[in-house]
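Biologist: Could you walk me through this one? I'd like to start with a single helix and then go on to a whole chain and a contact between chains.

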Amino acid sequence: MAKTVVLLCRCFGELDGIIALDGIADRLRAEREDTSVYLLNSLCMEEDAHRIGALLKQEGARAVCAGLCAAGSKREALWESLRNAGIERSGLFTADLREGCAWIHQGNPPGATEKAKDLLFMALAALDEKKASADVSADVHPECLVLGAGPAGLAAAVSLAGQGIPVHLVERAAQPGGMLNLISRTYPGDDHAKTRIEPLLREVETNNMIAFYPRSKVVSVRGFAGDFKIGIQGPDGTLRLRAGAVIIATGAGVLLPRGLYRYGELKQVITQMELERQWIRGVPDDKRFAFIQCAGARSPERAYCSTICCPSSLKNAMRVMEEIPGGEATIFHRDIMTPGNLLEAYYRKSMEKGVRFIRFHEEDPPEILGGDRVEAIRVRDAARGKEQVLALEKVVLSTPLVPNMDNRSLRELFQLELDSHGFFSETYPLHPLETRVDGIFIAGSARWPVSSDKAMEQGEGAAMKALGMLKRDRVSALSLSRTPGEKPGHGTVEERTCTGCGNCVSVCPFLACSLQERDGRFVSRVNKMRCKACGSCVSVCPNGTMQIPEHNYRMVGAMIRRAFP
Amino acid sequence: MEEEKRKNRTELPKILVFACRWCGGIGAGRAGWKRLEIPASFRIIPVECAALVEPDAVFRALSSGMDGVAVLGCHVGGCRYNEANHAALKRLDLVKVLLDTTGIGGERLLLAFGTAHEDHQFAGIIRRFTDFLGKQPPLEPWTGFAKNADLRSEG
Amino acid sequence: MAVLVVGGGVAGILAALDLARAGQPVTLAERFQHLGGQVARLDKIYPTDHCAFCPLWTDIRNCLDHPRITVLSSATIREMKKEGDRWAVRILREPPVIEERLCIFCGRCEKACGEGAVHPLLDQAYAPVYCIDAEKCTRCGRCEPLCPTKAIDLNRKTVEDRVVVREVLWATGFENGDLKPLPEFGYGTHPDILTALEFEEWTAESGANRGRIVRRSDFRVPSRIAFIQCAGARDSRMYPYCSSVCCMHALKQAEWVKRRIPDIDCTIFYTDLRAVGRDYFKYSMKDVPGDPIRLVRGRPGLVFALPGGGIAVKYEDTFKQERRIERFDLVILNGNLKPAPAPETGMGPSLLDGEGFVDTAVGFGCGFAVEPGDIMDAAVQAASASMRMIGRDKN
Amino acid sequence: MEEIRNIARDLLEKKEADGILALREGDQAVVEPHVFRDPGDISRLVTEPKWLFAKTAMKILRSSPRDFRLAVVVRGCDDRALVELAKRNQVAEENLRFIGLACTEDQAKQCFCERPYPRTIHGGKPQPGISFLRDERVRSLLQGDSAERMKRWAALLGRCIKCYGCRNACPICVCVPCKLEDEVWVEKGTLPAERLVFHLIRAFHLSDTCVACGACQEACPVSIPLLALQLAMREALKDRYGYEPGLDGERKSPILKNFTEEPEAGRDVPDWVTPGDTENE
């Protein structure tokens with residue numbers, strides 16, 4: 001059996017008087033001949049690294065059981081010494097003797113000593129059974145696939161191309177530009193959408209690093225972070241691409257508020273997008289405008305704030321005041337959502353320009369009066385509490401962005417996660433552009449409704465994340481772990497004994513497990529690149545076929561048996 | 001009979017703790033840094049996530065002499081592994097049912113979700129769990145081999 | 001050539017990591033001794049309701065371990081000179097009296113110190129280290145010989161580093177603005193009137209009160225808590241902008257108060273309930289143990305301590321159109337966040353716009369230094385800003 | 001019985017099934033399970049006594065060619081068992097034809113069967129289900145003072161002679177090797193078995209699969225009321241998630257899913273922070 005060395009840290013005498021280390025050392029030596037026990041003053045100082053390293057070498061140690069301080073403390077020296085002695089990280093098992101034992105049982109030295117002894121024997125027992133999972137690695141294919149050529153997608157593609165990364169830009173429509181083609185101005189800069197988008201379009205045309213695929217969609221996805229194999233279906237047949245990373249920037253749709261505020265019945269009731277198109281054609285000839293916010297949003301069926309409607313109403317209201325002689329604009333809102341400095345300033349500006357704001361309750365929304373055309377609007381002003389009627393010609397409904405139809409199919413293809421509304425959701429607030437699949441990133445309104453500026457920002461951000469992935473020369477399963485510095489391993493299947501029940505497949509939070517047919521029966525296979533070693537599969541496997549070698553059931557059993565001898 | 005057992009049990013109840021490395025594991029360390037006094041009768045087995053705790057391990061522990069098993073995971077919403085802790089919670093809840101049915105008592109399996117910073121809560125639950133188990137009758141008839149006495153008692 | 005990231009908060013850390021992973025050497029200068037910035041002080045973050053530091057810790061670790069990142073902690077930027085296409089930066093560092101690398105957190109120094117000048121560096125950080133409070137320390141030198149690892153050196157000299165970098169990224173984050181100029185909120189007149197960040201630290205799980213909700217005046221459990229939004233923010237006298245995190249922050253704090261003690265009743269006075277992010281609106285409608293959180297639209301005009309104890313809040317409920325005065329036990333003022341002042345740089349004042357935010361037309365910036373936002377916004381901006389940085393160098 | 005025979009016969013004649021798995025009355029009135037391939041033999045097909053074909057069907061299908069279509073005469077529990085096996089990819093549902101047979105009232109009573117009939121019934125009249133809680137013996141095992149119950153169960157399980165009959169008889173247990181044979185989980189060479197581990201592991205592994213056929217109980221030579229354990233967990237699953245094994249081949253077990261995929265009614269998650277916990281120090 002592998003030669004095991006036990007290193008006990010006195011921690012400069014911190015444990016003296018609480019844990020009788022010498023007694024424990026004797027017990028260890030007595031019970032296990034194959035282990036040699038060393039008491040050291042410290043394990044965490046630089047100079048220790050060399051000493052321990054030499055020690056382990058001369059002992060010919062293959063595994064090390066260390067009794068020291070809690071996880072998260074200083075371990076660099078110990079790891080370095082292991083490296084010097086050529087011992088794998090998986091060959092180390094630590095018992096927390098300082099925080100977990102001496103310091104929380106100061107009042108009870110015998111108990112603490114007993115516990116320390118047990119912890120060490122548990123660690124040794126575990127170490128005997130501990131194994132290392134086989135790592136797999138692959139070359140990174142330094143190309144990037146960008147889905148969707150809206151502001152986010154274009155920004156991502158252009159900035160990646162600027163870094164010398166070949167980009168495949170796949171767009172559902174015939175033209176790049178996405179939402180920006182449909183609107184006239186962008187907030188808060190109030191500059192023309194064209195001027196925002198044109199430099200990007202030029203770049204897409206001229207830069208030979210970017211391959212643009214119009215009228216195309218993804219039909220098949222295989223592979224893993226660093227090397228995805230993706231099938232694209234375009235006007236001229238399907239073609240297969242390889243990409244190390246994928247950025248999903250497919251944008252969002254706009255809600256058509258059928259039946260809301262008599263939309264569709266009166267042709268003077270239009271949506272924000274229709275007004276934008278009007279601006280593109282020219283100045284509208286109506287004078288008195290009403291903007292109604294949250295038309296179909298922040299409601300039971302769409303319980304979210306679409307973020308962009310308030311600022312775009314402000315934008316158009318101000319244009320009404322400026323460009324239409326004698327124009328009047330009133331915004332009917334529930335809350336004006338202009339967080340931050342720029343938007344808040346924008347809000348103030350609109351008030352200075354004379355835009356009127358009337359707050360209404362969700363319970364009694366404004367009512368549009370008039371027979372065959374809009375004549376007036378009746379609303380109960382929530383802030384003043386009195387009802388009033390305003391004469392006007394046009395009603396503009398601020399409708400929320402809604403998830404794209406094909407989000408679901410993309411979810412199936414890339415095995416991503418959608419949130420409760422149907423947008424793509426991130427892994428963690430700290431990593432808002434990353435999905436649960438490494439190497440696949442999200443940006444723009446496909447992720448969550450955003451303005452074109454923010455969408456471009458996110459596009460660049462996603463590009464940066466993708467770049468971080470593509471700049472690696474190789475990607476390995478254990479390098480994709482979420483745990484810094486350590487090897488949590490990954491699920492490993494004993495194919496001979498797998499019953500193919502598929503429990504692991506349905507429980508895996510990363511969809512790393514899948515069933516494959518082997519001579520007439522099913523067996524589970526783990527995509528090691530996806531597995532994050534959470535162990536869900538292990539605890540639902542009916543006969544222990546699925547194991548994480550670094551934490552296999554034999555270890556657990558052995559530790560339980562040793563816990564209270 | 002139970003009363004006697006309860007009275008003349010001297011040593012503290014034995015507790016096995018499965019602690020998720022992200023919350024429970026660190027919480028234990030932080031409790032140490034704050035020098036909180038905790039009964040010395042629990043042993044921690046660190047796991048990557050609460051989802052890694054096999055229900056069988058709980059039975060195994062109870063059967064090899066533990067009085068209670070605690071599983072410490074992360075708050076719902078805080079799991080590092082896409083809510084793997086939800087499924088774990090559901091499984092172990094079913095274990096509780098089984099323990100209740102057989103009269104061992106589901107309370108002997110403690111599920112607690114928290115964060116790394118709740119070190120005082122960590123100390124608190126271990127203390128409370130220890131007290132609670134101290135009041136429970138020990139589990140002899142269940143551990144190891146059946147005693148003939150038990151066999152006869154049923155008849 | 002390296003780039004300089006100023007500020008080791010969330011934005012700074014993530015930007016540094018992104019740059020380093022893309023092959024760009026980074027120097028990360030942090031004002032304090034520890035990385036993590038304001039998030040490290042938070043107890044919980046929305047919308048996950050999980051602890052703030054655990055996820056951040058992973059990235060701090062990666063940041064410290066990364067070969068291409070050099071971290072300069074407790075560093076202040078003295079001056080910056082533009083030399084051709086690069087910046088020459090003078091950085092002053094006060095090395096901590098207790099060297100982090102050596103401190104094993106045994107606590108001997110803390111016990112020895114009579115003045116209580118020695119205390120753990122940051123309550124939430126791990127691995128933990130001690131630091132010495134320069135004001136309190138009398139330099140008696142009692143702790144020095146006690147340290148087993150010789151980590152303490154009471155007469156450390158300030159070091160001056162000169163780094164030449166290609167670009168500078170400002171991630172200086174935010175800080176608590178003083179509310180004294182707004183007398184109507186009565187900040188500073190009574191211990192139970194505190195700002196949101198103070199409340200966060202006061203009731204933190206790992207803080208002095210280990211998660212118990214108590215008043216600062218008498219350590220009793222309050223029965224009514226008022227959260228006053230836009231205190232200082234959206235106010236021409238102080239901060240014209242909207243801090244954009246306060247609404248969710250207040251909701252989170254109220255929810256956690258409820259989760260700990262359900263029968264405290266929480267009232268949030270808001271102007272617009274700006275819950276715009278993913279599932280934030282749902283979060284604002286989440287049901288909590290006990291009575292629901294009371295949302296009142298209206299900005300209190302006056303907050304004053306009552307002689308008999310407790311604090312009176314005078315407000316108008318603009319939905320009900322009624323003026324009222326209510327008695328509360330705790331009043332939390334929310335919205336006094338201002339961008340931390342960027343050090344004098346030689347870039348001239350033009351770097352900052354009128355409201356004290358970094359003007360991205362002049363320099364690179366991310367996080368609160370550029371625009372008020374929460375962790376998600378900061379993370380996005382960090383990534384995009386670093387993309388723009390390396391982008392500029394290539395073409 | 002006749003209607004079953006007719007259906008079986010024209011399944012074979014119309015070539016909709018290649019074999020009928022059922023009981024055959026052999027010589028000297030021996031009743032044995034048999035795969036009928038010739039319509040002529042069907043006259044010897046009998047339905048009594050109660051017999052579980054699930055595992056047999058699985059074995060037959062495994063050993064026969066892919067396109068072999070087997071029709072099985074199933075009772076309620078047998079039917080559900082086959083569904084569960086299909087869910088776990090042990091049999092392919094497209095290879096199976098079901099000939100449903102409802103149990104008689106006595107049979108239903110005998111095994112406290114709550115659903116003594118298959119999804120589709122071709123023979124017999126569907127009898128009303130019988131709640132196992134009606135029987136006070138079962139109730140005494142599931143309810144009442146926990147200390148008492150603990151004693152009872154200790155004694156009951158103490159009889160176990162570790163013959164593995166319960167496992168072998170179970171129509172769902174298919175794992176090879178089985179955790180119960182692994183000395184990590186169950187001590188070897190101890191008699192009677194380490195009851196807690198042996199029986200609780202067994203019970204738990206079937207918690208979301210058990211179709212309450214009672215085969216384990218019938219097989220037990222020392223008559224341990226094993227079914228009671230399973231019934232308790234079936235109840236829990238039913239009132240928490242409205243889930244019952246063996247009814248819906250599409251629906252996965254709820255304990256394999258997280259809250260977002262399978263919400264649990266009125267279940268709040270335990271925090272370390274217990275409400276009102278103002279514990280000092």
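Modeller: We can take those topics in turn, keeping in mind that this is a predicted model.

Biologist: Which residues of helix H3 in chain A are buried?

Modeller: In H3, which covers residues 76-84 of chain A, the buried residues are Ala77(A), Leu78(A), Ser81(A) and Leu82(A). Viewed down the axis of H3(A), these buried residues fall within an arc of 140°, so they line one face of the helix.

Biologist: And what do the buried residues of H3(A) pack against?

Modeller: Their partners belong to chain A and are helix H2 (46-59), strand E3 (63-68) and strand E4 (92-96). Just after H3(A) comes Gly86(A), which takes a positive phi of about 70°.

Biologist: Switching to chain D, how many helices and strands does it have?

Modeller: Chain D has 10 helices and 5 strands, and its C-alpha trace spans about 85 × 45 × 40 Å along the principal axes. Chain D has 281 residues, of which 43% count as buried.

Biologist: What share of the contacts in chain D with a separation of 6 or more comes from residues 24 or more positions apart?

Modeller: Such pairs account for 61% of those contacts in chain D.

Biologist: Now the contact between chains C and B: how many residues does each chain give?

Modeller: Chain C gives 15 residues and chain B gives 16 residues. On the side of chain C that touches chain B, the elements giving two or more residues are strand E4 (50-51) and helix H2 (53-65) of chain C.

Biologist: How do the residues on that side of chain C divide into nonpolar, polar and charged?

Modeller: The side of chain C that touches chain B has 6 nonpolar, 5 polar and 4 charged residues.

How values were computed:
Residues are numbered from 1 along each chain as its sequence is written. Chains are lettered from A and ligands numbered from 1 in the order in which they are written. This is a predicted model: local features need pLDDT of at least 70, side-chain atom pairs count only at pLDDT 80 or more; totals for chains, interfaces and linings use all residues. A residue is buried if 20 or more other C-beta atoms lie within 10 Å of its own, exposed if 12 or fewer, and partly exposed in between; C-beta atoms are placed from the backbone. Helices (H or I, at least four residues) and strands (E, at least two) are DSSP runs, numbered from the N terminus. The arc is that of the directions from the helix axis to the C-beta atoms. Two residues are in contact if their C-beta atoms, placed from the backbone, lie within 7 Å. Ala, Val, Leu, Ile, Met, Phe, Trp, Tyr, Cys and Pro count as nonpolar, Asp, Glu, Lys and Arg as charged, and the others, Gly among them, as polar.
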